[in-house]
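Student: I'd like a close look at a single part of this model, the metal site. Could you walk me through that site and then place it in the chain around it?

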Amino acid sequence: MNILTRYECGCCKTQYADRDAALKCELNHKCPVDIKAVRYLSIANDNTGYPVTIMVRMGDGHLVAYKRQREV
Ligand SMILES: [Zn+2]
């Protein structure tokens with residue numbers, strides 16, 4: 001019988017045989033801190049009510065833009 005040890009990144013859930021690789025993956029992820037800006041379209045152009053873009057402040061201080069890709 002063989003015993004297998006796997007390490008899982010706590011953020012993306014990817015599994016690794018190597019602990020350092022899993023740790024490197026986990027430390028590479030930047031976590032969102034707060035939403036800095038939100039853009040909506042009028043009801044005539046988008047009746048979903050959801051934002052089309054948001055600007056997110058990450059833990060490392062960078063601002064990253066996210067765009068809605070499909071209708072909800
Ligand atoms: Zn990861």
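Tutor: Gladly, and one definition helps from the start: buried means under 20% relative accessible area, exposed means over 50%, and partly exposed lies in between, with a 1.4 Å probe and protein chains only. This is a predicted model, in which local features need pLDDT of at least 70 and side-chain atom pairs count only at pLDDT 80 or more, while totals for chains, interfaces and linings use all residues. Residues are numbered from 1 along each chain as its sequence is written, and side-chain values use heavy atoms, with hydrogens and water left out.

Now to the zinc ion. Its protein donors are Cys-9 (SG), Cys-12 (SG), Cys-25 (SG) and His-29 (NE2), at 2.0 to 2.3 Å. Donors here are N, O and S atoms within 2.8 Å of the metal (3.2 Å for Na, K and Ca); water is not among the atoms, so sites may look incomplete. The arrangement is tetrahedral because the four donor atoms subtend angles of 105 to 114° around the zinc ion; four donors earn that label if all angles lie between 85 and 135 degrees. Along the chain, the donors follow the spacing C-x2-C-x12-C-x3-H. Cys-12 sits in the loop between strand S1 (7–8) and strand S2 (15–16), and Cys-25 sits in helix H1 (residues 19–28), so this pair ties together parts that are 13 residues apart in sequence. Helices (H or I, at least four residues) and strands (E, at least two) are DSSP runs, numbered from the N terminus.

The cysteine donors can also be described by their accessibility. Cys-9 is buried, at 0% relative accessibility, and Cys-25 is buried at 15%, whereas Cys-12, at 34%, is partly exposed.

Cys-11 is partly exposed too, with a relative accessible area of 42%. The closest cysteine sulfur to that of Cys-11 belongs to Cys-9, and at 4.7 Å it is too far for a bond. A disulfide is taken as a pair of cysteine sulfur atoms within 2.5 Å, and the count by this rule is zero.

Finally, the surrounding chain. Its secondary structure comprises one helix and five strands, running β-β-α-β-β-β from the N terminus on. The C-alpha atoms fill a box of roughly 65 × 30 × 10 Å along the principal axes. Of the 72 residues in the chain, 10% count as buried, a group to set beside the cysteines described above.

Notes: Four donors count as tetrahedral if all angles lie between 85 and 135 degrees; four count as square planar and six as octahedral if opposite donors are over 155 degrees apart and all others between 65 and 115; anything else is irregular.
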